[in-house]
Amino acid sequence: MTSTIGYISVGGALLLSLAGATLAFVGVRTGNPGMARLARRATYGVFGLATLAIGTMVYALVAHDFSVSYVAQVGSRSTPLFYTVISLWSSLDGSILFWGWIVAGYSAAVVYVYRNRHRGLMPAVTGTLLAVNAFFWLLLAWPANPFTPVWPVPADGPGPNPLLQNHPFMGLHPPLLYLGYVGMAVPFAFGIAALVTGKVGGDWIRAVRRWVMAPWIFLTAGIVAGAWWSYEVLGWGGYWAWDPVENASFLPWLTATAFLHSIMVQERRQTLKTWNILLVIATFVLTLFGTFLTRSGILESVHAFSEGLIGPFFLGFIALVMIVSLALVVWRSDELRSEPALDSIASRETAFLLNNLLFVAFTFTVLLGTMYPILAEAARGVKVSVGAPYFNQMSVPIALLLIFLLGVGPALPWRRGSPELLRKKFLWPTAVALLAGVILFALGARHLLTLFTLTLAVLATGLIVGEFWLPVKARRQNHGEGLGAALATVVNKNRRRHGGYVVHLGVIVMAVGIALSSTYRAETEATLRPGQAVAFEDYTVRLDSLYAGREPHRDFVEAAFSVGSGGSYSGVLRPRLNYYPMSTQPIGTPAVRTRPREDLYLSLMAYAQNGSTATVNIIVNPMVVWIWVGGGICVFGALFAISSMGFVAERFGGRKKKTARETPKPVEAGVGGAD
Amino acid sequence: MFKKILIPAAVTLPVVALLYYGMQRDVRTIESPLPGRMAFDFTAPTLAGDTLSLSDLEGQVVVLNFWASWCIACIDEHRVFIEADRYYADQDFQMLGVVYQDSPENARRWMRQRGGEWPSVIDPNSRIAIDYGVYGVPETYFISKDGYIAYKHIGPVTPQVMVKWVDRLLAEDRGAELTATDGDVPEGRSQGHVRQAPDVPVTTPESGGGRP
Amino acid sequence: MSLTRRHVAFALLTWLPAAAVPVPAAALPQEAKPGDAPVVEAEHDPELEAQVRELASRLRCPTCRALSVQDSPSGMAQEMKDLIREQLKAGKTPEEITAYFVDRYGEWILLKPTAQGFNWTVWLLPVLLLAGGLFFVLMTARRWVEEGRARATALTEDGDEGGV
């Protein structure tokens, strides 16, 4: 019964998205608004059926209906309700169903929000999105059908992958990542629509802005949450391993970030049109590529699902998307050309070009490193590995240049930077940064790369603070406003820009956390008897007790450690090893005490079965918390920036767009002429 | 017009070809650099309590098998080893196990439960395993009479593999030339280490080809 | 040191099989009385440990997927780390130790491809792209500046940047 409902909804979604896509493109060709209207309704219908499908699956999971293949694969009567629900995305077929539902949701949302606007673009946008939908519903109807009936019905199932039910964060990290990943289909659809209709000018860029920002925010949050999950669950005290699947989530983030910057150039200077379209295409292709990596078993990875027909399907789709989109780009190449005018190389335009170059080089490096084992095997017939040491070495210089640029870029005016203005903006931050470098060195910072990173971070912070401070100062002088009022006025006048600067500050905070935690981490291992304590760095860690216990879905062995400094203990940490019925290896859960200055991270590595000793890995990890804080700042800044692109701004500010576009210039001129 | 198709194709094809190639290859088997080289000698305590050196077994074909009691795939191949041990009993053949990441008690219990008369050595620091470049269990090395590693098998050994290599090595006194590189590829794709192997019916290896 | 190490090894041996058999809760003391045993200093030779860490993070853990020996909690990786530490103490150079692992496991065990032969592609292509891109960006910016000059002379009255 459940299977039947699932089948009908999946099949219905497939047929409806195919029909809708056809109608939409017929509408594009004939210009018949009735077709576009029908395609819009089909989109709502697809979302309805997708919701029915996913609702059916959740119901089957919760009701332990093992006659449904996916439930038989990941369900278990002993798994707690929360993990039962989130096991929806813990395995292959379910995660594709989740993909399909989100892409249907995004499609319906775009089509609804723009039902009365962007009439030229929307039919093609709808058609492209429905075609993407059709691909996923085809996967779900055939090679990845989660609703296949199982006979005889098993009495119980194995439960989801132990790693995925080890921490409640699994309820947050994958959906965020999917929302980010899948959302990149929307800008892609706009890019294709711009090419198909030949409206490659500003309209699609204005329409697409928030539809890039929203998935970008989810993707950023998802990546940071994933790093946090690794840190809290995997037990090695790290947060980023350059695992192929981590890279796969990072790649579209890089190109999407490049796009967010380069559209500003197109908005201002009507150039980089081809480039912007290529970036949205690349972002979408990279999300498909990432999904392909995880679903085809092509690369070894801790996250990889198993193999099947899905790989060939994805590969075919990637090829189709690439060929069609690139052919469209080549076809429209004449209309995409334009040359703006600059007065000086030292301008924000140049900074944006460099920014895009760095992001693309970063993307290329990560992509090449990820794919190199395959390339090397094809060329040399030898299996090689490319891991963290390679990626760290290659990405650190690029990352440092980006940090430099994220401070310098905003300080450079559009078109031209006059020497006086540059001096005014750069003098103080540079002086402060150099001073900070000297002080840090005097305080004993001897790791040169970290010292350099911190100095750059101070410089970038100073430059960005200046972007807030100088206009605030001008406003206070000209209007006699108080500090708070002046800041509020300045920031609210251009939320997008200042939100972006907040994101930059968040990135700086993250960079500081990453630089310090990766170079000043201390680690040791100790085997203790109950009552025995070990002193390490400034800490004392005492084993109080070792005990075993049972939870519905797992057994565990836990050690209680009193931790403190000197002879006094200020808290108890309980790292544990979990034993799942279907796993041959125990899955550890480390215990972390987080403080602004450093984390104390304990992993239970081993114990004697008679309880006489426990072996603990002790890591003192400086400034890790600032990585999560920085991620939070990024998300906050981006939300603030997007708040000016929402309904309110579109409805009431839309009319003013023409004049509004002029306003940033006077502001900038005000900054320049404030002295 | 030609250019308009050529550019997208030129970009897409290499990418797709590379990914397609990637799907064809087997990520789990890694070519070992060891076949064709002398087997590394070791001396280690056996489960039975005495000491054994690999060099003591010179003149015999040694099937060196890394296993553990917690390894599911090892159960399947164990039946193959029992059959082979019986079948080659009067020839210069010696099964030798190395217990990998396991306690001697568990290993002894496992052998008692499942049978098998051959010795297994304990490898408490995994030094033998590291020396032999072991990735996980089960992994099996076929060593010639004069002490060369002829072939490394990753995953559970099938009767076919067993018969083929043991027969060849028994027929040949010098193992140096007899490596997997002389045109022989292992039958089928080897299985992942942890995953359950498909059920291979254990046959008496009379029909096994290749006996000269 | 060696006593502690053996303990670790032994403990590692015992927890692996423990996975198959559920841990009997009674086998472990529910609450052991914390005594007043003296605090021991962590075994910590920062220089040696840094060397071990550096080496171990460049080797791939053979039993895991895509994790380094340094980062892997698996027993095999722990023992590889012990081996590295032992060899370093015995006076072997990091190069010799790396060569040993490559000898037994093949190039696969290196997480950083050696810069030789075809492997140069993975090291040089990004640098070439960056260099070429930089050249391209500078050329583009210069072209735009020239465009600016040309327009400034053609339309002296129109300073609007949006006038394309």
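**Exercise 1. Find the salt-bridge partner of R104(C) and describe the interface around the pair.**

Step 1. The partner of R104(C) is D131(B), with 2.4 Å between the closest N and O atoms. A salt bridge here is a side-chain nitrogen of Lys or Arg within 4 Å of a carboxyl oxygen of Asp or Glu. This is a predicted model, in which local features need pLDDT of at least 70 and side-chain atom pairs pLDDT 80 or more, while totals for chains, interfaces and linings use all residues. Residues are numbered from 1 along each chain as its sequence is written, chains are lettered from A in the order in which they are written, and side-chain values use heavy atoms, without hydrogens and water.

Step 2. Helix α4 (residues 127–131) of chain B gives the largest share of the side of chain B that touches chain C, 4 residues. Helices are DSSP runs (H or I, at least four residues), numbered from the N terminus.

Step 3. The rule finds 3 salt bridges across the interface of chain B and chain C.

Step 4. In contact (heavy atoms within 4.5 Å) are 23 residues of chain B and 22 residues of chain C.

Step 5. The two chains B and C bury about 2000 Å² between them, with 55% of it on carbon and sulfur atoms. Buried area is the accessible area (1.4 Å probe) that two parts lose on being put together, summed over both.

**Exercise 2. Classify the ring pair F250(A) and F362(A), and state where its members lie.**

Step 1. Rings of Phe, Tyr and Trp (its six-membered ring) pair if their centres lie within 6.5 Å; planes under 30 degrees apart are stacked, over 60 edge-to-face, and the rest tilted. The centres of F250(A) and F362(A) are 5.5 Å apart and the planes stand at 90 degrees, so the pair is edge-to-face.

Step 2. F250(A) belongs to helix α10 (residues 244–269) of chain A and F362(A) to helix α13 (residues 348–380) of chain A, 112 residues apart.

Step 3. Both F250(A) and F362(A) are buried. Buried means under 20% relative accessible area, exposed over 50%, and partly exposed in between (1.4 Å probe, protein chains only).

Step 4. F250(A) and F362(A) belong to one aromatic cluster, whose members include W253(A) and W123(C).

**Exercise 3. Is F468(A) buried or exposed, and which residues does it touch?**

Step 1. F468(A) has 14% relative accessibility, so it counts as buried.

Step 2. Leaving out residues up to four places away in sequence, F468(A) touches L487(A), V491(A), H498(A), Y501(A) and V502(A).

Definitions and conventions
Helix = DSSP H or I, 4+ residues; strand = E, 2+ residues; numbered from the N terminus.
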